[in-house]
Amino acid sequence: MKRRPCPLFAECGYEVSVSNRVVASLGVGPYVELKTSFWTKSGVVLASMTDFTINPRSGHVVVVHVRIDFCDTCDTFAIYPWQSFSLSTNGIVEIGQKSPARSKHVALSLNTDCLTKLCGCETIGDLLPSVWEVNGGGIICMVENDRGFVWR
């Protein structure tokens, strides 16, 4: 765990990561990292961001970011990319602690099979299939939304 510099009474940042760096360096599988950063102020967690990163054998890095905001009124559910794309290797989902449980389940359903696949996962649709789907040569958002924002 890493702690970022933190002045007194300011926001403090922490980072926890797990990877298969040693296994990947031996050529046994693709590089995979699961990293969570979170920020606190006065002992209260404000937000967290989980990054699921894979560098499959195709050479491009695929990353899904999931941000959770912890405030009394945080009920956001936002997605990017929110429309069809030819190939997306980077996506973000943001939810608030007051979002419905179903929304949290959708946002946090990372495909953990990507951790052990020999060839790795190639798209954000592979990493977070509850949000994006691989359709032919492109990515389609599976969650009904209005320009990235999901309404209850």
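**Exercise 1. Which cysteine does a disulfide join to Cys71?**

Before solving, note that this is a predicted model, in which local features need pLDDT of at least 70 and side-chain atom pairs count only at pLDDT 80 or more, while totals for chains, interfaces and linings use all residues. Residues are numbered from 1 along each chain as its sequence is written, and side-chain values use heavy atoms, with hydrogens and water left out.

*Solution.* Step 1: a disulfide is taken here as a pair of cysteine sulfur atoms within 2.5 Å, and Cys71 is joined in this way to Cys74, with 1.8 Å from S to S.

Step 2: the torsion about this S-S bond is about 110°, so the disulfide of Cys71 and Cys74 is right-handed.

Step 3: accessibility is sorted into buried (under 20% relative accessible area), exposed (over 50%) and partly exposed in between, with a 1.4 Å probe and protein chains only. Cys71 is therefore partly exposed at 28%, whereas Cys74, at 14%, is buried.

**Exercise 2. Find how many disulfides the whole structure holds, and place Cys141 in relation to them.**

*Solution.* Step 1: a search of the whole structure gives two disulfides, and besides the link already described there is one between Cys114 and Cys121, with an S to S distance of 1.9 Å.

Step 2: the torsion about the S-S bond of Cys114 and Cys121 is -95°, a left-handed link, and both of these cysteines are buried.

Step 3: Cys141 takes part in no disulfide, since the nearest cysteine sulfur, which belongs to Cys114, lies 18 Å away. Cys141 is buried, with a relative accessible area of 13%.

**Exercise 3. Describe the largest nonpolar core and the surroundings of Leu127.**

*Solution.* Step 1: a nonpolar core is a set of buried Ala, Val, Leu, Ile, Met, Phe, Trp, Tyr and Cys residues joined through side-chain atoms within 4.5 Å. The largest one has 24 residues, and those with the most contacts inside it are Phe77, Ile79, Val93, Leu127 and Trp132.

Step 2: helices (H or I, at least four residues) and strands (E, at least two) are DSSP runs numbered from the N terminus. Among the elements that give two or more residues to this core are strand E4 (44-55), strand E7 (90-96) and helix H3 (124-127), while E5 gives the most, with four residues.

Step 3: when residues up to four places away in sequence are not counted, Leu127 touches (contact means heavy atoms within 4.5 Å) several residues, including Phe52, Ile54, Val62, Cys114 and Cys121.
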